[in-house]
Every structure is written in C-alpha cells, then in structure tokens.
Amino acid sequence: MSAVWDFADFDDHEHVHMFRDRASGLTAVIAVHSTHLGPGAGGVRYWHYPQRAAAITDALRLSRGMSYKNAMAGLPMGGGKGVILADEGGAKTPELLAAFGRAVESLGGAYVTAEDVGITDADMVQISKHTKHVSGLPVASGEAGGDPGPLTALGVYLGIKAAIREGLNTDSAKDVRIAIQGVGSVGGGVARRLAAEGAKLTLADVNLARAKDLADELGAELADSAAIMEIEADVLSPNALGAILTEASIEKLHVPIVAGGANNQLATAADGQRIHDRGIVYAPDYVINAGGIINVALEYLGQGSREEVESRIHLIPGRLAEIWAESKASGTPASAVADRMAQKLIGRG
C-alpha cells in the first residue's frame, strides 16, 4: 500500500490516524484535514470496504469536504472524518464503539465526532461514554443537537428550491419532476417536503423495500437505483453515497439541475467542469448539505437553540445563489467557485 501522503486525495491533511483495537475488533481511520477555524468536526461512518485502502480514501475525501462545509456554513470548526471498517457480516458492538470513543479521546480534541452513514444516535451515546469530543446526542425539544438527518434534509430541500429558481425560473416545486436517489434519513425527508409541495417524484434506493414503501406513501414513481441517474426529469437529487457524477454518468444525464445531499458527488475535479460544460445547474454538495453539521456543531459549542439552527440553515439558498452568480460571471464551474471560496476561508486560498 502507498504511504498516505501518496494517496491522490491527500490534500495537506494535518493528521491521518489509523487505529486498531484487537480486543473489540475495531479498525478505524480518523483524518483531520484542517483546524484553521477550529477543531476538525465531522461524522464517523461505519461501512464495509472490500479494500481497506478505500477506507483511507473515503476519510481523506470526506474530511476535506468537512473543512469546506464548515467554512462555508460560517462555523468555527475545521474538517475531520472518522471511518470504522465494518467486517462483512460482523456486528457493531458496544465494545467496538467504546474503542472508537477512546480513539477520539486520544486525539485531545483535534477531532469532534458525530453521526454518519451506519451510525445512530444510540451509537453516539455509547461513544460519548468514552470521549467528550462528540456531538449529535439526544437533546431536549427546542435545543440544538440530536439526529442531524432531518436538518440536513431541510437544508437540501431549501437548496433544491433555490436550484429550481436558478434553473427553471420558478419559486414553486409544484409539478417539477424530481428524481431522488437514496431515500434514507436525508433523502426520505427531502422527498416528503417536496411531495407536500406537489412535486412529481421518482424514487430509488438500494433498499428496494424502503423505496417502495415511501413511493406508496407519497404517490411517487419507483426506479432502479442505477437507472435513476439516466431518467428524464427537471432535477436529479443524489442522496446516497458519493462519486456518482463521473465522465460516463454526466454524459447520460437528462436533467437541467443536480442538487442533493450526498457527499463528494463529483468523482473528480474534472467532473465539475464536465457538468458545467453541459449547462447543468449544480449545487455543490458541501454547501447544500450543511444543515446537519450546523445542528451538531452548535450543540457541541453550546451556542444555539433549534430556532438558531434553522435560521442558519435558511442561509443555504443565499450561499448557493452567490456561487451561481460568480460562476455565471466568471465562466467557472460552480464546484470550483465554491472550492475557492472555502479554501480562502481556511487559509489556503
């Protein structure tokens, strides 16, 4: 395996840590991209990787995205990410979560963890018994914190509405054809909000039963998780795993807008140029999906109520509009405009 510095996605990361706890079975990576604005904040992902090097790549990419996301959301937090490698068919045990909590604590506050794919708020409670550098814990009604999924969904919904204004010149989602890939906590919440507004939805998820149940609930159409990338619609909203916008998939898109909550949607930086060249309105993922980190960051910092969280999430459409305006004026892809803004904020401009 190459040294971590030789990975294509290594971007002057400040820390990259590998953890192994034999007793619990924990194998984990924690990457801290930047602490320029504050401790590196970002969730921990529990996922099975056929090749372990892919887990390092994921941690590198996701931690860089968190640096940009936190900076663009105006949070005094840097960017970090944890990845727990799940054994195929293995159990996520209290002992494994405890070991991860100790790993986080060993970094002395350089990394603040929270929920991500494969991790629940109950898991965060277990982790919090072993480190104070944790957020996304159950909270009382009206307080910042708790499950970040619904608040991520709120920001993505507002971002899709902004993209509809930008790309279709209308303020309403009524009768707008929206294809949603991934209908878990975030995608499902987005779908319900859009359905309530009268959007015409097509849903897809690798969990077919979950997609069918939600389609039946909302009166939506159903599509295969891969085929939905080629569906003819007004908006494609990716809300599952990343790297789905590639040279091949962008060529086959039949939508004028791509706006969704999945992290790292662009497989490479060149794909941002490709989607721009096709005239597609693209919402940079780490801008549109910042609702969850706003929630858990304010919880960790003790700086806000649920009302304050939601008021900050409602600033997401304005940030997207600023990016699109600069993209039009300069002829630069929206993805590159957002990257430059974020890099300047973290002292790398």
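In this predicted model, the second largest pocket is lined by 24 residues, and those nearest its centre are Arg 64, Leu 266, Thr 268, Ala 269 and Asp 339. Its volume is about 480 Å³. Four helices each supply at least two residues of this lining: α1, α8 (269-277), α9 (285-288) and α13 (334-345). By character, the lining of the second largest pocket divides into 10 nonpolar, 8 polar and 6 charged residues.

The discussion now turns to the largest pocket. Its volume is about 1,100 Å³. A total of 42 residues line the largest pocket, and the closest to its centre are Asp 116, Val 117, Val 186, Asn 239 and Ala 240. Two or more lining residues come from each of β4 (44-47), α1 (52-72), α4 (149-168), α5 (185-196) and α10 (291-301). The lining of the largest pocket is made up of 15 nonpolar, 19 polar and 8 charged residues. Helix α1 thus appears in the description of both pockets, since α1 gives residues to the lining of the largest pocket and also to that of the second largest.

One contributor to the largest pocket, α10, merits a closer view. This helix is mostly covered, with 9 of its 11 residues buried. The buried residues are Gly 291, Gly 292, Ile 293, Ile 294, Asn 295, Val 296, Ala 297, Leu 298 and Glu 299. Which elements cover them? The cover includes the strand β3 (40-41) and the helices α1, α4, α11 (306-313) and α12 (316-330). Of these, α1 and α4 also give residues to the lining of the largest pocket. Just after α10, Gly 302 takes a positive phi of about 65 degrees.

These details belong to a protein that has 13 helices and 12 strands. Its radius of gyration is 19 Å, close to the 20 Å that the globule rule gives for 349 residues, so the protein is as compact as a globular protein of that length. Along the principal axes, the C-alpha atoms fill a box of roughly 55 × 45 × 40 Å.

The chain can also be considered in terms of its interior and its surface. Of the 349 residues, 55% are buried. Among the contacts with a separation of 6 or more, 65% are between residues 24 or more positions apart. The accessible surface of the protein comes to about 14,400 Å², and carbon and sulfur atoms account for 49% of this area.

Key. Residues are numbered from 1 along each chain as its sequence is written. This is a predicted model: local features need pLDDT of at least 70, side-chain atom pairs count only at pLDDT 80 or more; totals for chains, interfaces and linings use all residues. Side-chain values use heavy atoms; hydrogens and water are left out. On a 1 Å grid over the protein atoms alone, a cavity is a set of points where a 1.4 Å probe fits but cannot get out, and a pocket is an open set with protein on both sides within 12 Å along at least five of seven lines; lining residues have an atom within 4 Å of a point. Grid points are joined across faces, edges and corners, and a volume is the space filled by probe spheres set on the points. Ala, Val, Leu, Ile, Met, Phe, Trp, Tyr, Cys and Pro count as nonpolar, Asp, Glu, Lys and Arg as charged, and the others, Gly among them, as polar. The radius of gyration is taken over C-alpha atoms; the globule rule is 2.2 Å times the number of residues to the power 0.38. Buried means under 20% relative accessible area, exposed over 50%, partly exposed in between (1.4 Å probe, protein chains only). Contact means heavy atoms within 4.5 Å. Accessible areas come from the Shrake-Rupley method with a 1.4 Å probe; for residues, only the protein chains shown count as cover.
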